Amino acid sequence: MEHAVVNLKKGEGRFFKAGGLWIYDNEIASVTGGFADGDLVLVRDFDGYCLGRGFINTHSKIRIRMMTRRKDQEIDESFLRMRLQNAWEYRKRTADTDSCRLVFGEADFLPGFVVDKFSDVLVVQSLALGIDRMKETLIRLLKEILAGDGITIRGVYERSDAKEREKEGMERRKGFLGEAFDTQVEIQENGVRYLVDVQDGQKTGFFVDQRENRRLLESLADGRKVLNMFCYTGGFSVYALRGGAELVHSVDSSAKAVALTDANVSLNFGECRRHASYAVDAFKYLSEMPDGAYDLVVLDPPAFAKHRGAIKNALRGYQRLNARAMEKMPKGSVLFTFSCSQAISKDQFRLAVFSAAAQTGRRVRILHQMTQPSDHPINIYHPEGEYLKGLILYIE
C-alpha cells in the first residue's frame, strides 16, 4: 500500500531521530501524496532518509505518532498482535495481573491506546485518531491473547471521555464495547478488596498506579492517626487500616467518592470504628483541622496542571496545599505528597514542596521518592509518559 510521505525540515526532529515517538507540526517541511487524518504515512528526513511510519493528524500539534521505524513493516493484524503480546508478557513478568495497566500507549509502542484490566473487565481509552480506527481489532486481539492464558474477559467498557480526544478532532465518548455488564467490579490488590466503578469513576475507575505506594503507607501506619485527603475510592485508607492505624479519616469534595470509600472500608473490615469520612473541600478541611490532629497525612490531589500553560498556577497550588498540611502536623509525623500532573516535572514538584517547607519553617527529610509502578512503564525515549511524582517526608 502506498502512503503519503512526510518530509522533515532540515535540523528539526532531533529528539525524534534519537528515538522519540512524536513529530510536531512545526518540524514538518512538506507532505506529498494524498491522505486523510488518521492515515499511516511514511516519514523521511530532509535528505530523503526513511525514518519509519506513523499516523498523521492535522488537527493535532502532535502531527505524527510513530508506529514503527521500519519502512518495510506493515501495520497489520500480525503487527498489532505482536505489540499486544509483548505488552502482556511484560506485565506477567513485572506486575500483579489481576488488576493492572495492560497497555500504556507510547510506552508499549501503541500511541494513544490505554487498557486497564480490573479482574475480568477491560477498560479502554483511545486518545489518538489513528489508533482509534484500530480499536476494535486491538480489543479482539487482546482478548484472544488473554484467552490463550486461560483468562476470560466478561466485558469491555470504553472511557475515551478525556479532553485529549478533542485535540485530535474526535468526540469524547464512553460506553460498552460489546454486551452490557455490571460495571461495579470487585478486584483484589495485595489481598485488599476494592469495588471499582468503571462507568462513572474517575479516569478508568481506579488508580492502580498507586499500588506500591499504598503498601509503603501500610508499612508506616501502625499506631498513627491518618488523614487521607482526596481519598476517592479510599485506596490509601484501607491500607492504613490494615497497617494498624489508630484512626483513619478520609476526605473528598465528592459525596459519591466518600460513599465509595465507605463501601471499600466495609468490604474489608465490616463496621470499622477506626474510620470516618467527610465530603468537604480539601483546603477548607486543612485550614479548620486542629493542630496535631494527624501524624500521617496523604495528599493525592487530581492533576493541577492539564497543560503547560497551567504550570505556574499549579505549582502555587501544590505549595499552598503542602504548606497547609505541614503547618498543622506534629513533630515526627509523615507526609505522603503526590503530583499526577504530566506537565509538572519531578524537579518542579520537589521545588514546590521545598517552598512549602520553607514557608512553614519546618525541618523536613525525604524518606522515599515515589513514581508510577512497573505496569505504567516509562519509555526512555518518551519522557512525557512519566506523570506520577511523589515524596514521603518526615516532618520535624
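**Exercise 1. Find how many aromatic pairs the structure holds, and classify the pair of Phe207 and Tyr232**.

Solution. The structure holds 11 aromatic pairs. Rings of Phe, Tyr and Trp (its six-membered ring) pair if their centres lie within 6.5 Å; planes under 30 degrees apart are stacked, over 60 edge-to-face, the rest tilted. Take Phe207 and Tyr232: the ring centres are 5.2 Å apart and the planes stand at 50 degrees, so this pair is tilted. Next, place it in the chain. Phe207 sits in the loop between strand 13 (192-197) and helix 6 (211-220), and Tyr232 in the loop between strand 14 (225-229) and helix 7 (235-242), 25 residues apart. Helices (H or I, at least four residues) and strands (E, at least two) are DSSP runs, numbered from the N terminus.

The model is predicted: local features need pLDDT of at least 70, side-chain atom pairs 80 or more, while totals for chains, interfaces and linings use all residues. Residues are numbered from 1 along each chain as its sequence is written, and side-chain values use heavy atoms, without hydrogens and water.

**Exercise 2. Decide whether Phe207 and Tyr232 are buried or exposed**.

Solution. Apply the cut-offs: buried is under 20% relative accessible area, exposed over 50%, partly exposed in between (1.4 Å probe, protein chains only). Phe207 has 25%, so Phe207 is partly exposed. Tyr232 has 7%, so Tyr232 is buried.

**Exercise 3. Identify the charge over the face of Phe16, and the one over Phe283**.

Solution. The test asks for NZ of Lys or CZ of Arg within 6 Å of the ring centre and within 35 degrees of the ring normal. Arg69 lies over Phe16, at 4.1 Å from the ring centre. Arg320 lies over Phe283, also at 4.1 Å from the ring centre.
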